[in-house]
Amino acid sequence: MPAAFVRLAPLARSYGGLRQPMALDKQRLLLTVGTNTTGVGFKQFGTISALPVVISKQSATSRASSQQAAAATSFGLSRSIRTTSGVLDGASLPKTVKMSGNAKLLHENLWQADPELMDLVRKEKKRQIQGLEMIASENFTSLSVLQCLSSCLHNKYSEGLPGQRYYGGNEYIDEIELLAQKRALEAYRLNPEEWGCNVQPYSGSPANFAVYTGLIEPHGRIMGLDLPDGGHLTHGFMTATKKISATSIFFESMPYKVDPVTGLIDYDKLEESARIFKPKIIIAGISCYSRCLDYKRFRQIADANGAYMFADMAHISGLVAAGVIPSPFEFADVVSTTTHKSLRGPRAGVIFYRKGVRSVKANGEKVLYDLESKINQAVFPGLQGGPHNHAIAGIATCMLQAQTPEFKDYQVQIIKNARALCDGLLQKGYTISTGGTDVHLVLVDLRPVGITGARAEYVLEEISIACNKNTVPGDKSALNPSGIRLGTPALTTRGLTESDMARVVDFIDRGLQLSKEITAVSGPKLADFKRVLHEDPKLNGKVQALKKEVQDYSEKFPMPGYEEF
Ligand SMILES: *Cc1c(COP(=O)(O)O)cnc(C)c1O
């Protein structure tokens, strides 16, 4: 073993974040020490923490000229940046020594080029680390997905599908998209003879719009769970006075509802309304509903009306991939998903469609599905232009992760945590809509404790717990909801387990109790509530003390991604 490595190691270890790359990249480090700073080995090293060490070593042994060493160190290798691990800094070093003009625009790190923005990004990172993230749709994606998102794939235009592009240079992009499609099917255990998928939708909302656009005419009829009952905007949301979602402007929507007492979807009423409304698409999907859906019943109702059954599994697609809740694929014609919620991938969308034989006529003639071209053409050229290839790569790698035993363990833990959260809140006397949960979220009905959803959300945010106010079944006003939605995917990513949920419940309970104390002083207006929370020294002191406790607690759990941003 060359002496250089031995002498380098203790020194190098004193830089944060280097231990792991050292172990993994021993071989590469050895190579690096032997190369010129402009050489491939140097560029490939890829961990900024090591650069000062390598550079000083190289100049000490005359492998790099003093000019090269100075050029390298001038690229912002300040003390604060040295501790940032995982930054592929060496790759942006140009061969020229001088950094000026356009070269500066192109090659400077974000923290040099735009410190004002970088400062905000760092603050956001800190907020994520110090808070308890309980917004049910959020998650912390993996380092490998983040690396896809900031890769060169971002640069490429590739309108069309693999093998049929409108631009050249897509040989690898084609392979990446095909890989993403293949793995997406594998993640849901789908037979490629029976299912295909489109991985190009920019996110969940455009994916859903593409499904409607592809399958039905303008003003075609759709039925989805009403937004205040736990559905999504894109399932056709409108109010008495305004068509809110474009899906209610360009298509005719009629909602179905949950039973205001049990909080469960009223399938009988859905069946009745569908018979009258005769929708072309019935949507089975939720953003705030803590129970599994009865896909078989949806299928029956769709069949009775000659409608497509469309499952939007955006929230639960991680749970479905892991096989820990029933899958919609057995019954649906089309399935859409976001990939950034429980699935923990990039911010993007996927549409799955049936293909192959749809039915066989009495004379033995096969009737085939015709969804593939309808869906594909609705996505492009119907609604979108160039695919986001960096996001598609992120889908590919997240769908690979989704097939691992570790991912299954993660999803099992999400549900265990949601149940522990639910049980803890019930024990403290809170009311849970539907009485429990089968999935990753709980909907807390705060009417019995006399706290509004807005007040609860606000006070929890003040103590660094993120969640959202939500209507609960039977709520009189959608503008003043009476509940909060709490989810466990993000906390579970950070390694919290059932025993930690007891602590989380304690924080939430103390926050909500504080909100009562504040209301006692402020009276019913939200503006007064906020003012008292901030200005009453005693109450604000209590809020600040609890916030510190939450932050000290949250900070201890690991966070995937880059260290500082
Ligand atoms: C989040 C969500 C969407 C939309 O996803 P975006 O990526 O936010 O556009 C669609 N449907 C359901 C059920 C969702 O929960």
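**Exercise 1. The ligand shell**

Task: State how the residues of the shell around the ligand divide by class, and find which element gives the most to this shell.

Solution. Step 1: sorted by class, the shell around the ligand holds two nonpolar, 10 polar and two charged residues. The model is a predicted one. Step 2: the element that gives the most to the shell is helix 13, residues 204-215, with three residues. Step 3: 14 residues surround the ligand, and those that come nearest are Ser203, Ser205, Ser287, Asp312 and Lys341.

**Exercise 2. Polar atoms at the ligand**

Task: Give the distances from side-chain atoms of Ser287, His340 and Lys341 to oxygen atoms of the ligand, then state how much of the ligand's area the protein covers.

Solution. Step 1: for Lys341, an N or O atom of the side chain is 2.7 Å from a ligand oxygen atom. Step 2: for Ser287, a polar side-chain atom lies 2.8 Å from an oxygen atom of the ligand. Step 3: for His340, the distance between a polar side-chain atom and a ligand oxygen atom is 3.5 Å. Step 4: on its own the ligand has 380 Å² of accessible area, and the protein covers 86% of this.

**Exercise 3. The sheet of seven strands**

Task: Describe the order and pairing of the seven-strand open sheet, and name the helices that lie on it.

Solution. Step 1: the strand order is 4-10-9-8-7-5-6, and the pairing is mixed. Step 2: strand 4 (195-198) and strand 6 (252-256) are the edge strands, each pairing on one side only. Step 3: from one strand to the next, the twist averages 20°. Step 4: within this order, strand 5 (residues 221-225) pairs with strand 7 (residues 281-285) in the parallel sense over two bridges; Ile222 stands opposite Ile281 in strand 7. Step 5: helix 15 (residues 267-277) lies across strand 5, strand 6 and strand 7, at about 165° to strand 5. Step 6: helix 18 (residues 371-383) also packs on the sheet, where it touches strand 4, strand 8, strand 9 and strand 10, and its direction makes about 160° with that of strand 10.

**Exercise 4. The sheet of four strands and a hairpin**

Task: Work out the arrangement of the four-strand open sheet, then describe the hairpin of strand 11 and strand 12.

Solution. Step 1: the four strands follow the order 13-14-17-16 with antiparallel pairing. Step 2: its edge strands, strand 13 (431-432) and strand 16 (468-470), each pair on one side only. Step 3: strand 16 is joined to strand 17 (residues 483-487) over three antiparallel bridges, and Lys469 stands opposite Ile484 in strand 17. Step 4: helix 21 (residues 453-462) lies across strand 16 and strand 17, at about 45° to strand 17. Step 5: in the hairpin, five residues lie between strand 11 and strand 12. These strands pair in the antiparallel sense over three bridges, and Val357 has Leu368 of strand 12 as its bridge partner.

**Exercise 5. Backbone exceptions**

Task: Locate a cis peptide bond and a residue other than glycine with a positive phi.

Solution. Step 1: recall that most residues other than glycine have a negative phi, and most peptide bonds are trans. Step 2: the bond joining Phe380 and Pro381 is cis, with omega about 5°; Pro381 lies in helix 18. Step 3: His219 has a positive phi near 70°, and His219 is found in the loop between helix 13 and strand 5. Step 4: Gly364, in the turn of the hairpin, has a positive phi of about 90°.

Key:
Residues numbered from 1 in each chain as written. Predicted model: local features only at pLDDT ≥ 70, side-chain atom pairs only at ≥ 80, totals over all residues. Heavy atoms only, no water. Pairing = 2+ DSSP bridges. Contact = heavy atoms within 4.5 Å. Axes fitted to C-alpha atoms, helices over the stretch in contact; angles between N-to-C directions. Near = heavy atom within 4 Å. Polar contact = N/O pair within 3.5 Å; in protein donor to acceptor, adjacent residues only side chain to side chain. Areas by Shrake-Rupley, 256 points an atom, 1.4 Å probe, with all protein chains shown as cover. Nonpolar A, V, L, I, M, F, W, Y, C, P; charged D, E, K, R; others polar.
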